[in-house]
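Trainee: I have a structure in front of me and do not know how to read it. Where should I begin?

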Amino acid sequence: MACKEILTTGLRCWWPKRTVLCSFVYAKHSQNPIFQQIYKSEAGRHAELQMLKDRAFLSNFKDKNAVDIILVMNYSPCYFCAGELNYFYKKYRTAYSINSFNIRFSQLYKTYGSPPKEVKEKT
Ligand SMILES: [Zn+2]
């Protein structure tokens, strides 16, 4: 799913009943993400696990260049996903040179206008 159907924060909106996870990977000291993707829980498949199994996500860590990972989610990870995210970070922080791995929480809703500048697709 492309980030054209982007999510952003707001106050008066409906709260999705499923987890929505926006994943951003930045090269160290870069303003623009080298990877951005939205994952949604569906049919019992947790958004976090979809991301951790996504080859496009994992392909960002093949070289040894340091990266920063930011996840923006509308729900806290469940017990199992929290363990998987922790395992990913502990196992790969050195091998993949993960500089930082942050999880942020936000109320998310779908927008139909232009996405904020920081989440626009690469052209
Ligand atoms: Zn989960």
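Trainee: What pattern does the protein chain follow along the sequence?

Mentor: Start by listing the elements in order. This model is predicted, and its protein chain reads β-β-β-α-α-β-α-β-β. The secondary structure amounts to three helices and six strands.

Trainee: What order do the strands take in the open sheet?

Mentor: Order in a sheet is a separate matter from order in the sequence, and must be read from the pairing. Here four strands form an open sheet in the order E3-E2-E4-E5, and the pairing is mixed. Strand E3 (33-40) and strand E5 (98-105) are the edge strands; each has a single partner strand, so one side of each has no neighbour in the sheet. From one strand to the next, the twist averages 15°.

Trainee: Which way do E2 and E3 run, parallel or antiparallel?

Mentor: Antiparallel: strand E2 (residues 20-27) is joined to E3 by seven bridges. To find this pair in the model, look for Tyr26, whose bridge partner in E3 is Pro33.

Trainee: How many bridges pair E2 with E4?

Mentor: Seven, and the sense is antiparallel. One place to look is Ala27, which has Val67 in E4 as its bridge partner.

Trainee: And in which sense do E4 and E5 run, parallel or antiparallel?

Mentor: These two run parallel, with seven bridges joining them. Asp68 has Ser100 in E5 as its bridge partner. Between E4 and E5 the chain passes through H3, and this β-α-β crossover is right-handed.

Trainee: What span does helix H3 reach from its first C-alpha to its last?

Mentor: For a helix, compare the span with the one expected from its residue count. Helix H3 (residues 79-92) has 14 residues and reaches 20 Å from first C-alpha to last, close to the 20 Å expected at 1.5 Å a residue. As a general guide, an α-helix has 3.6 residues a turn, so residues three or four places apart point the same way.

Trainee: Is H3 hardly covered or mostly covered, and how does one tell?

Mentor: Count the buried residues, taking as buried a residue with 20 or more other C-beta atoms within 10 Å of its own. H3 is hardly covered, with one buried residue among its 14. Strand E4 (residues 67-73) is mostly covered, with five of its seven residues buried.

Trainee: What share of the protein chain counts as buried?

Mentor: Of its 123 residues, 23% do.

Trainee: What share of the contacts join residues at least 24 apart?

Mentor: Among contacts in the protein chain between residues at least 6 apart in sequence, the share is 73%.

Technical notes: Residues numbered from 1 in each chain as written. Predicted model: local features only at pLDDT ≥ 70, side-chain atom pairs only at ≥ 80, totals over all residues. Pairing = 2+ DSSP bridges. Axes fitted to C-alpha atoms, helices over the stretch in contact; angles between N-to-C directions. Buried ≥ 20, exposed ≤ 12 C-beta atoms within 10 Å, placed from the backbone. Contact = placed C-beta atoms within 7 Å. Expected span 1.5 Å × (residues − 1). Right-handed = clockwise from strand over helix to strand, strands pointing away.
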